[in-house]
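Here is a brief report on one protein model. Look over the sequence and the fold, then read on for the sheet, the helices and the ligand shell.

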Amino acid sequence: MVAQRSIRIRDLNPIDMQAILSIEYKCFKDPYPLSLLNHLYTMHPDGFLLAEADGKVVGYVIGVIRWEMMGHILAIGVDPPYRKQNVGSTLMEQIIGRLRAKGVKLVRLEVRKSNVGAQRFYLKLGFRQRGEIPYYYEDGEAAVVMDYEAKD
Ligand SMILES: CC(C)(COP(=O)(O)OP(=O)(O)OC[C@H]1O[C@@H](n2cnc3c(N)ncnc32)[C@H](O)[C@@H]1OP(=O)(O)O)[C@@H](O)C(=O)NCCC(=O)NCCS
């Protein structure tokens, strides 16, 4: 059994952007460029949450509101040595709570069809698969669309 680390969730400070970028590069083959992360932060400063453990940033999530009513998870990443220790779930629960507090009832995300591990992770959090978008990613891979419906 793995001992649970102490995780702190907090808002992003601009100085943290480099740490997020570094985790992006460890997580994705098509990471968001720094310019896009900066743009998203300018548009949605409260859409970023970070997880800290051992005094450093070990994960992040970006969740924004679309069309004034739907939550949209744009990215979540956890530094590989800190995975499977509840960091991702804690980030998702916190960002969903924040979106719900703003009146959101439906939260959507897209995930690569081949990323079966992330799909399992989302299923455990209560997301359901809603369909696919062919050729969603630049390399031609399809996205699986997943939704979470908040219960009152
Ligand atoms: C997906 C990701 C964010 C999960 O973060 P995490 O901190 O490891 O997740 P948690 O520890 O909170 O896991 C919660 C549950 O999901 C399960 N889970 C997490 N990753 C999983 C995987 N790769 N395969 C199967 N199940 C997984 C865990 O086993 C756990 O189940 P349990 O409650 O029965 O123990 C992390 O693996 C990651 O950063 N992956 C790379 C980036 C990525 O794919 N992001 C999503 C793109 S849309």
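Which residue in β5 stands opposite Met 70? Leu 106 does. Bear in mind throughout that this is a predicted model.

**The sheet**

Met 70 and Leu 106 belong to a wider pattern. β4 and β5 (residues 106–112) pair in the parallel sense, over three bridges. Strands of a sheet pair through backbone hydrogen bonds, either parallel or antiparallel. This sheet has mixed pairing. It is open, has seven strands and follows the order β1-β2-β3-β4-β5-β7-β6. The edge strands are β1 (8–11) and β6 (128–133). Each of these two pairs on one side only. From one strand to the next, the twist averages 30°.

Three of the pairings are set out below.

| Strands | Sense | Bridges | Opposed residues |
|---|---|---|---|
| β1 and β2 | antiparallel | four bridges | Ile 9 and Ala 51 |
| β2 and β3 | antiparallel | six bridges | Ala 53 and Lys 56 |
| β4 and β5 | parallel | three bridges | Met 70 and Leu 106 |

β2 covers residues 48–53. Together with β3 it forms a hairpin, with two residues between the strands. Asp 54 sits in that turn and has a positive phi of about 50°.

**The helices**

What does α1 lie across? The answer is β3 (56–66) and β4. The helix runs at about 90° to β3.

α1 (residues 17–27) also packs against α2 (residues 34–43). Their axes are 11 Å apart, and the angle is about 130°. Angles over 145 degrees would count as roughly antiparallel, and 65 to 115 as roughly perpendicular. The two helices are therefore oblique to each other. Their crossing is right-handed.

Which residues make this contact? From α1 come Met 17, Ile 20 and Leu 21. From α2 come Leu 34, Leu 37 and Asn 38. By class, five residues of the contact are nonpolar and one is polar. None is charged.

**The ligand shell**

How many residues surround the ligand? There are 18. The closest are Cys 27, Arg 83, Gly 88, Ser 89 and Gly 117.

Three elements each supply at least two residues of the shell: β4 (70–78), α3 (87–101) and α4 (116–124). Which of them gives the largest share? That is α4, with five residues.

By class, the shell has seven nonpolar, seven polar and four charged residues. Set this beside the contact of α1 with α2, which has no charged residues.

**Pulling it together**

β4 recurs in this account. It pairs with β5, α1 lies across it, and it supplies at least two residues of the shell around the ligand.

Methods. Residues are numbered from 1 along each chain as its sequence is written. This is a predicted model: local features need pLDDT of at least 70, side-chain atom pairs count only at pLDDT 80 or more; totals for chains, interfaces and linings use all residues. Axes are lines fitted to C-alpha atoms, for helices over the stretch in contact, and angles run from 0 to 180 degrees between N-to-C directions. Angles under 35 degrees count as roughly parallel, over 145 as roughly antiparallel, 65 to 115 as roughly perpendicular and the rest as oblique. A crossing is left-handed if the near helix is turned anticlockwise from the far one by less than a right angle, and right-handed if clockwise. Two residues are in contact if their C-beta atoms, placed from the backbone, lie within 7 Å. Ala, Val, Leu, Ile, Met, Phe, Trp, Tyr, Cys and Pro count as nonpolar, Asp, Glu, Lys and Arg as charged, and the others, Gly among them, as polar. A residue is near a molecule or strand if its C-beta atom, placed from the backbone, lies within 6 Å of it. Two strands pair if DSSP finds at least two bridges between them.
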